[in-house]
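Me: Could you take me through one part of this model in close detail? I am in my first year, so short sentences would help. Please say how that part sits among the rest.

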Amino acid sequence: MAEVMEMLALSPTMEEGVLAEWLKDEGDSVEEGEVLAEVETDKATMEMESFFSGVVLKLLAQDGATVKVGDPLVIIGEEGEDISELVEELQSGAAAPSESAAKEEKAPEGGEETEQAAEAEGAPASRAADGGRIKASPLARRIAEDKGLNLRDISGSGPGGRIIKRDVEAAEKPARRAPAAELVGSDVSFVPGETTRLSQMRKTIARRLVEVWQSTPHFYLTRQVDMASMMERRKEINDQLAAAEAGLKISVNDLIVKAAAMALADYPKMNVAFTPDGLYHFDEVNIGVAVAVEEGLITPTVRNAHDKSLGTIAREIRELAGRAREGRLTPEEYSAHTFSISKLGMYDIDEFLAVINPPDAAILACGSVQQIPVVEDGELTVGTRMKISLACDHRAVDGAVGAEFLQVLVRYLENPMLLFV
Amino acid sequence: MREIAFRQALNEALAEEMKRDEDVFLIGEEVAEYNGAYKVSKGLLDEFGARRVIDTPITEAGFAGIGIGAAMAGLRPVVEMMTFNFAILALDQIINHAAKARYMSDGQLSVPLVVRGAGGAGGSLAAQHSQSLEAQYAHAPGLKVMMPATPKDAKGMLKTAIRDPDPVIFIESEVLYGLNGEVPEEEYLIPVGKADKKREGDDCTVISWSRALHFAIQGADKVAEDDGVEVDLIDLRTVRPFDRDMVAESVKRTNRVVVVEEGWPFASVGASISEWVSRELFDWLDAPVERVHQRDVPMPYAFNLETASLPSADRIADAIRRACYIEV
């Protein structure tokens with residue numbers, strides 16, 4: 001029996017993907033689990049593996065095509081199998097639901113006859129089934145209703161595709177988003193220019209930032225940090241690493257990641273997310289580090305950085321950032337953050353305010369470390385300072401919580417030996 | 001704690017209740033001189049005399065009727081059926097008279113009667129002598145049906161049954177008479193309608209009673225070992241009225257149910273429990289209620305076919321896996 005493979009959601013936020021390249025051609029044989037194609041998602045280029053073993057009978061999308069999640073991609077079956085009916089079915093499938101819906105509306109009194117006609121002409125029952133029956137266990141139905149999930153969006157793993165408890169629970173995992181915001185562009189008709197196609201990543205950044213900006217009340221707290229001691233310690237560490245030929249340098253960023261993670265571990269009230277079900281307290285302290293890549297921005301994540309040595313953190317960030325630039329991070333590697341850090345110090349930015357990176361309740365924006373005149377004990381002197389700004393989700397935390405967290409964080413930044421305890 | 005056999009636990013219950021209350025007496029085929037077909041009444045004739053331990057002819061309808069009349073008159077008879085296969089002859093007495101007297105006399109009459117004896121398959125006893133007929137009694141309002149699975153329960157439940165003000169059908173699995181188990185020396189009672197939790201787990205509720213419980217224990221051990229599935233195992237003990245509270249608490253936690261019974265599937269106690277769970281606990285179910293029971297055929301005589309016909313650990317384990325959506 002020929003099987004149809006559909007475009008998979010290869011990242012938690014993916015709604016469509018670009019079929020970057022087929023790695024199999026029609027007539028090639030393929031094993032279950034073998035890579036069929038490379039797909040550019042909103043975050044990265046991912047390998048899509050076959051669910052079936054057999055011969056590739058028909059490719060339903062060309063290289064470079066944009067395909068919605070759930071739309072058919074490829075037919076796999078036995079060599080020489082007749083799939084003409086299946087292909088026809090799939091090709092008429094896209095148009096069919098709206099057609100038959102229109103028919104039903106037109107003829108309210110047509111009764112059985114109309115239904116039969118629609119059946120004869122229309123798509124296969126399973127597909128015309130936008131109004132069709134969904135098989136779900138009573139418990140799954142109840143949980144879905146409680147959580148406000150639509151059973152139509154959930155695929156069932158029970159017998160005959162029955163949706164059961166574990167399916168609903170799995171569907172609930174990725175933070176529920178409001179329906180994707182329509183992207184409203186600017187009117188550019190008065191000025192000549194040319195348009196480049198948006199990459200999947202750019203589209204996602206645009207869509208998600210509109211969502212976050214509209215749905216999350218931000219407030220900001222800015223503080224100056226005395227970085228003199230930190231910079232001295234860092235120089236000392238790097239001199240010793242160089243002398244030991246360790247092939248490793250600790251950056252200011254690595255130190256901030258470690259300090260933030262330790263501060264969050266000490267002050268878990270900040271390590272939360274606002275969800276429709278309540279305040280979610282993360283069990284891990286995972287720092288998302290904003291990395292600029294060619295097409296936009298991504299936050300590779302250092303998991304439980306408070307438990308890792310500075311060397312481990314430094315190496316991990318190098319490795320993750322490298323793969324981020326190649327578009328080769330897995331969804332977990334860029335989605336599992338509980339707090340994010342963005343740093344523009346290398347561009348000599350004094351201070352800036354960042355937009356929260358969901359599901360985190362806060363993001364820390366760090367400016368450059370500067371030599372500035374400061375007053376110490378009534379005397380004007382030269383100080384080494386950095387300005388940090390914390391953007392907080394006001395639904396999840398209040399000003400005092402943010403300020404207290406900054407106190408804990410600044411203690412680590414200004415007393416860097418604590419990072420080694 | 002001391003261990004004694006199931007039959008001895010029943011014997012102690014009878015002796016203690018006869019000592020405690022002069023109105024209690026035992027009547028049935030071979031209960032006196034022969035000490036009972038299954039030796040449950042051993043020594044009772046010597047201890048209590050022929051006035052209270054009475055042998056009858058082979059007349060089930062007759063001595064059941066004597067028991068009912070005596071109960072109406074104020075005594076507390078225990079009627080022993082050699083097996084419940086023969087009690088079919090007394091169904092008119094039990095269902096039309098014992099179960100109805102309180103209702104039809106508007107409470108003027110009561111029938112504090114126990115009808116007890118062996119039930120279920122016994123090992124190559126063939127179709128007419130291997131039946132689990134609890135459904136016939138559980139069907140009728142006015143009857144309670146108790147079916148112990150352990151020596152301790154057998155004793156505590158029989159004492160409760162004898163003290164009950166209404167007719168109790170007390171079915172003892174034929175193959176359990178020799179089962180040894182811990183039984184306290186001191187007096188205790190096990191209430192009507194209270195189930196017993198044999199094993200705690202959050203993955204699947206298994207409901208059983210009498211001999212089938214022992215198959216269910218093996219099935220639960222199997223899935224725990226092979227699949228890491230932890231079964232919440234309930235011994236109903238009383239099948240009518242059954243312990244709805246314990247079943248509901250368990251199913252709300254596990255969302256899955258397997259009902260295991262020794263008898264046939266159609267119009268059975270297991271069918272009624274499944275129906276109740278499916279209706280009352282519908283919103284908590286993540287899978288259809290699974291059932292394991294005797295195959296829907298007269299019991300074969302051949303021992304290997306009898307085994308194949310009865311529930312088994314393997315069949316129960318498979319049913320638990322189906323309920324848990326684990327590939328069988």
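Reply:

**Where the chains meet, and the sheet beyond**

Eight residues of chain A are in contact with eight residues of chain B. On the chain A side, helix α5(A), residues 138-147, gives the largest share, with four residues. Sorted by class, that side of chain A holds four nonpolar, two polar and two charged residues. Keep in mind that this is a predicted model.

Now step into chain B. Its secondary structure comes to twelve helices and 14 strands. Chain B has 328 residues, and 54% of them count as buried. Take the contacts in chain B between residues at least 6 apart in sequence: 78% of these join residues at least 24 apart.

The part to look at closely is a sheet. Seven strands of chain B make up this open sheet. Read across it, and the order is β3-β2-β4-β5-β7-β6-β12. The pairing is mixed. At the edges stand β3(B), residues 53-55, and β12(B), residues 238-240. Each has a single partner strand, so one side of each is left without a neighbour in the sheet. On average, neighbouring strands of this sheet are turned by 20 degrees against each other, direction ignored.

Zoom in on one edge. Strand β2(B), residues 24-28, runs parallel to β3(B), and three bridges join the two. Across this pair, L26(B) stands opposite V53(B) in β3(B).

Helices pack on the sheet too. One is α3(B), residues 60-72. Helix α3(B) touches β2(B), β4(B) (76-83) and β5(B) (114-119), and its direction makes about 165 degrees with that of β4(B). Another is α7(B), residues 151-163. Helix α7(B) touches β2(B), β4(B), β5(B), β6(B) (144-146) and β7(B) (168-173). The direction of α7(B) makes about 160 degrees with that of β7(B).

Next, the nonpolar packing. In soluble globular proteins, nonpolar side chains tend to be buried together. Here, the largest nonpolar core has 111 residues. Those that touch the most other members are V115(B), V206(B), A216(B), V258(B) and I320(B). Helix α8(B), residues 210-227, supplies the largest share of this core, seven residues. Follow V258(B) for a moment, leaving aside its neighbours within four places in sequence. Its contacts include C204(B), V206(B), E290(B), V292(B) and I320(B). A second, separate core has 73 residues, and among them are A260(A), Y334(A), A362(A) and C392(A).

That brings us back to chain A, for comparison. Strand β2(A), residues 16-22, pairs with β4(A), residues 35-40, in the antiparallel sense over four bridges. In this pair, V39(A) in β4(A) is the bridge partner of L19(A). Strand β4(A) also runs antiparallel to β5(A), residues 45-49, and five bridges join them. There, V35(A) stands opposite E49(A) in β5(A). A hairpin of four residues links β4(A) to β5(A).

Two helices of chain A finish the tour. The axes of α9(A), residues 252-266, and α10(A), residues 310-325, come within 9 Å and cross at roughly 115 degrees. The crossing is right-handed. From α9(A), D254(A), L255(A), V257(A) and K258(A) meet L310(A), I313(A), A314(A) and I317(A) in α10(A). The residues of this contact divide into six nonpolar, no polar and two charged.

Conventions: Residues are numbered from 1 along each chain as its sequence is written. Chains are lettered from A and ligands numbered from 1 in the order in which they are written. This is a predicted model: local features need pLDDT of at least 70, side-chain atom pairs count only at pLDDT 80 or more; totals for chains, interfaces and linings use all residues. Two strands pair if DSSP finds at least two bridges between them. Axes are lines fitted to C-alpha atoms, for helices over the stretch in contact, and angles run from 0 to 180 degrees between N-to-C directions. Two residues are in contact if their C-beta atoms, placed from the backbone, lie within 7 Å. A residue is buried if 20 or more other C-beta atoms lie within 10 Å of its own, exposed if 12 or fewer, and partly exposed in between; C-beta atoms are placed from the backbone. Ala, Val, Leu, Ile, Met, Phe, Trp, Tyr, Cys and Pro count as nonpolar, Asp, Glu, Lys and Arg as charged, and the others, Gly among them, as polar. A crossing is left-handed if the near helix is turned anticlockwise from the far one by less than a right angle, and right-handed if clockwise. A nonpolar core is a set of buried Ala, Val, Leu, Ile, Met, Phe, Trp, Tyr and Cys residues joined through C-beta atoms within 7 Å.
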